[in-house]
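Let's take a look around this structure, starting with one residue and its surroundings and then moving on to a pair of helices.

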Amino acid sequence: LFIDASEQSSRPIPQTLFGIFFEEINHAGAGGLWAELVSNRGFEAGGANIPSNIDPWSIIGDESSIIVSTDRSSCFERNKVALKMEVLCNTDGTHICPSGGVGIYNPGFWGMNIEQGKSYKIVFYVRSTGAIDISVSFTSSDGLQTLSSTNIKASASDVSNWTKMEVLLEAKETNHNSRLQLTTSKNGVVWFDQVSAMPLDTYKGHGFRNELAEMLADIKPRFIRFPGGCFVEGEWLRNAFRWKASVGPWEERPGHFGDVWMYWTDDGLGYFEFLQLAEDLGALPIWVFNNGISHNDQVDTSSVLPFVQALDGIEFARGDASSTWGSVRAAMGHPEPFDLKYVAIGNEDCGKKNYRGNYLKFYDAIKRTYPDIKIITNCDGSSLPLDHPTDLYDFHVYTSANNLFSMSHKFDRTTRQGPKAFVSEYAVTGKDAGTGSLLAALAEAAFLIGLEKNSDVVHMASYAPLFVNSNDRRWNPDAIVFNSFQVYGTPSYWVQRFFTESSGATLLNATLQKDSSNSLVASAITWKNSEDGQTYIRIKVVNFGSNSVNLQISVDGLDPNSVKLSGSTKTTLTSANLMDENSFKEPKKVAPNQTLLEDAQEMSALLRPHSFTSFD
Ligand code: AHR
């Protein structure tokens, strides 16, 4: 491998090159990154009509001691369903209350993770015909072990109208499969609505589950595309994500059923929270909005602007606090504008009847009001010129390992003129991928090296999907796997960690000598470490073949005074078998392994079969 590090052979890599794509899929947000523990907190998941299914809430007590129903008496206009609980204990000596009382419980998303010493904020709205004495507790899944509990008492006059209750529970023990209970032994009628339980300690205090957000921060993403994917489109428009219904106080959000990935979300993780997440990660937000097209229905171009209201959405993110939508954002605690500079018009809708017409409407309207915003089309401009104006074109690829490996050259021949590529979804899928194999990761590493080398035409790239709750695997594979209390990165996640320094770095000219097996792909960069101000070199090589390779690396034209070589390391991602995966039991079976190197200027290195190696 010959590396020419001279200035004339080098070029800057865009600051935006590597980021992440968050989609509400696989319970990535609800029951995932969003730390809310209660599922269906407003009792709306069964639909707006009553009687409504309150799943996954369940009843404690039998019909002789408690009657639970739903009505439309909530104080929240956009989500009228409330839960009504009639407690009949001891009325005639035959209705005996179980000890501990009767009530309801919520198991969260496949069990709540309650940890000893940690505090949880419980909020709920209550109304009653009489005085109340309600026990709020976290218990084991069978209700037998109490992890934390407190009592809320109020007089009849205090709760004759809807009243907000707020308590802190500190856990005395740990249980990864807990539930939240609201119980009472006091007869009467009680209504509940909008029941929330959040850990007090969340990422940057903004409601994101710490360990999951930290996995994202470690990728150092330069952008975050959100909230989908198909989630943005919906099978039907009526079920598509509506940003306006996802902002404002959480209690007032109606929530919605995502009919592509087939689950309800309370929309606690809404448009505001995505923008906040981007800011917290130091990443640029990329908002994908529905352009009036779902999988099965479409809005006519003539009426699409009022239907989607994208300009209001941009004003929500960027308008000052005195603007109509900027003031809504400010009231949510963020008076400063968010740094929204990119929007994508739709997702995978290019071939659809109204796409071009709808797209142009948005393009013109947005460019007129916000000329600096960069717009992303769904139509692929990598092979043929596009017939409409755009700043970037979206490119998605899900394929076999061999295909993706050879696609490391995909953008070599793309025209250098015109809009740039945003590879916003890529992954190896199918049998090569298992549920996240080394084989898939190696092909992806080669593909990413190809993007890095073509970063004059590819300006952004993100793996998809990002997260999977192992209890609801709707799409396979994914980068980060979790359940209520555990998390691990698949090999594909670890590949992304090799590229954390690439965005904004300098690409060097790296040429491989004729490789008879065509199994090697390599690149080299120099990057500046903001912590010590030093410039470092990083060489990355994928060996996709089944033989080890003795690679001679020579670096020319490097200024040893400005680029740091001493203390160099070799980091390798490989494993005994190509189909090896990580798991909760062996979370780092396939993870980078680092060793020290002697001399990085003129060196030979043994590349293991089926491996990804970086020399730093
Ligand atoms: O990443 C999973 C899905 O794949 C996305 O929702 C969609 O854009 C693509 O088809």
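## What counts as touching

Two residues are said to be in contact when their C-beta atoms, placed from the backbone, lie within 7 Å. Keep in mind that this is a predicted model.

## Meet E425

E425 sits in strand β22, which covers residues 420-428. Leaving aside residues up to four places away in sequence, E425 touches F21, H396 and A464. One of those partners, F21, is 404 residues away from E425 along the chain, yet their C-alpha atoms are separated by 7.4 Å.

Is E425 buried or exposed? It counts as buried, because it has 21 C-beta neighbours inside 10 Å, and 20 or more is what a buried residue needs.

## Around the ligand

E425 also turns up in the group of residues around the ligand. With it there are E23, I25, G228, G229, C230, N347, E348, A464, P465 and W475. So what kinds of residues make up this shell? Five are nonpolar, three are polar and three are charged.

## Two helices side by side

Over to the helices: α5 (residues 310-318) packs against α7 (residues 355-369) at an angle of about 35°, and their axes are 10 Å apart. The crossing of α5 past α7 is right-handed.

On the α5 side, the contact is made by A310, L311 and I314, while α7 brings in F362, A365, I366 and T369. Sorted by type, the residues of this contact come out as six nonpolar, one polar and no charged.

Key
Residues are numbered from 1 along each chain as its sequence is written. This is a predicted model: local features need pLDDT of at least 70, side-chain atom pairs count only at pLDDT 80 or more; totals for chains, interfaces and linings use all residues. Helices (H or I, at least four residues) and strands (E, at least two) are DSSP runs, numbered from the N terminus. A residue is buried if 20 or more other C-beta atoms lie within 10 Å of its own, exposed if 12 or fewer, and partly exposed in between; C-beta atoms are placed from the backbone. A residue is near a molecule or strand if its C-beta atom, placed from the backbone, lies within 6 Å of it. Ala, Val, Leu, Ile, Met, Phe, Trp, Tyr, Cys and Pro count as nonpolar, Asp, Glu, Lys and Arg as charged, and the others, Gly among them, as polar. Axes are lines fitted to C-alpha atoms, for helices over the stretch in contact, and angles run from 0 to 180 degrees between N-to-C directions. A crossing is left-handed if the near helix is turned anticlockwise from the far one by less than a right angle, and right-handed if clockwise.
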